[in-house]
Amino acid sequence: MFGNLSERRKHYKFKRNITAALCALFILSIPAYAAFVVCVLGFDLNPSLIVIALMLPLALFVALAVNFAQYTNLYPLNIMPSDLYKRIKAQYLKGKSVQLHIRRREGGIWSIDDKIYFDMRGYAFPKIYICSYFVRNVNYSTVNDKKYAFSSVGKSLPTDEFENFQIVFEYGGATKTMSVVKNGVTKAFPLRGFLISCRFYADWLNRYEKSSSRRRHVGENDYENLRR
């Protein structure tokens, strides 16, 4: 969506606030919807009011998904080279079972040995986003070898690259270990898969890109170009 780094930094707070407001409205609409159902059962209401009440939570959910996808597409706030994963693999991911340590620095920036940075300032799920970055990069070879659709990069797929791949997140004296690959299968549970799929939504209507269904050779550069 925003290919320019300064534009991404300028817009992330706005999109974050809009997304937070829509999330609050959606949560509040759930008990309101339940109360309305009770009223419907007890009173003879205008059918138009019933339709509006039924559609409101759905409309809020769609608006929330659209804004959250656009918010996600602004990240990371720093420029990530398309060959960065290859560099990380060559230096840190040797063997079939590996652990990668990523440490949180000041202000929400995560780093590998203070050399490689993920600027996730202001993002709601930084650890899950970083995991999704590695999931899609591991998935590229499977998608290419099996000639899957491009959108398959957001799914759990078998891989020959690793048997087990864990990320150890270190922050504030605590650690959290999350699996990217477990028993030879990438772990793209729904939220990770959604974060990856956000890139396929190019316009403000969150329209699913036709290119995502094509079977072609894919890589990080192809994935990044969907944002622009």
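## Helices α3 and α4

In this predicted model, helix α3, which covers residues 84-92, meets helix α4 in such a way that their axes come within 11 Å and cross at roughly 90°. Because angles of 65 to 115 degrees count as roughly perpendicular, α3 is described as roughly perpendicular to α4.

On the α3 side, the contact is made by Leu84, Tyr85 and Ile88, while α4 contributes Tyr133, Phe134, Asn137 and Val138. When the residues of this contact between α3 and α4 are sorted by character, six are nonpolar, one is polar and none is charged.

## Helices α4 and α5

Helix α4, spanning residues 126-146, also packs against helix α5, which spans residues 190-197, and here the angle is about 70° with the axes 9 Å apart. This angle therefore places α4 and α5 roughly perpendicular to each other.

From α4, the residues that make this contact are Ile128, Tyr129, Cys131, Ser132, Val135 and Arg136, and from α5 they are Leu191, Arg192, Leu195 and Ile196. The residues of the contact of α4 with α5 divide into seven nonpolar, one polar and two charged.

## Two buried cysteines

Cys131, which is one of the α4 residues in the contact with α5, has a relative accessibility of 0% and therefore counts as buried, since the cut-off for that label is anything under 20%. Cys198 also has 0% relative accessibility, so Cys198 counts as buried as well. As for bonds between cysteine sulfur atoms, the structure holds zero disulfides.

## The chain as a whole

The helices described above belong to a chain that has six helices and six strands. Followed along the sequence, these elements appear in the pattern α-α-α-β-β-β-α-β-β-β-α-α, in which three helices come before three strands, a helix then stands between those strands and three further strands, and two helices come at the end.

The chain has 228 residues, and 44% of them count as buried. If one considers the contacts in the chain with a separation of 6 or more, 67% of them are accounted for by residues 24 or more positions apart along the sequence. Turning to the outside, the chain exposes about 12,100 Å², and carbon and sulfur atoms supply 60% of that area.

Definitions and conventions: Residues numbered from 1 in each chain as written. Predicted model: local features only at pLDDT ≥ 70, side-chain atom pairs only at ≥ 80, totals over all residues. Heavy atoms only, no water. Axes fitted to C-alpha atoms, helices over the stretch in contact; angles between N-to-C directions. Helix = DSSP H or I, 4+ residues; strand = E, 2+ residues; numbered from the N terminus. Parallel < 35°, antiparallel > 145°, perpendicular 65-115°, else oblique. Contact = heavy atoms within 4.5 Å. Nonpolar A, V, L, I, M, F, W, Y, C, P; charged D, E, K, R; others polar. Buried < 20%, exposed > 50% of the residue type's maximum accessible area, 1.4 Å probe, protein only. Areas by Shrake-Rupley, 256 points an atom, 1.4 Å probe, with all protein chains shown as cover. Disulfide = S-S within 2.5 Å.
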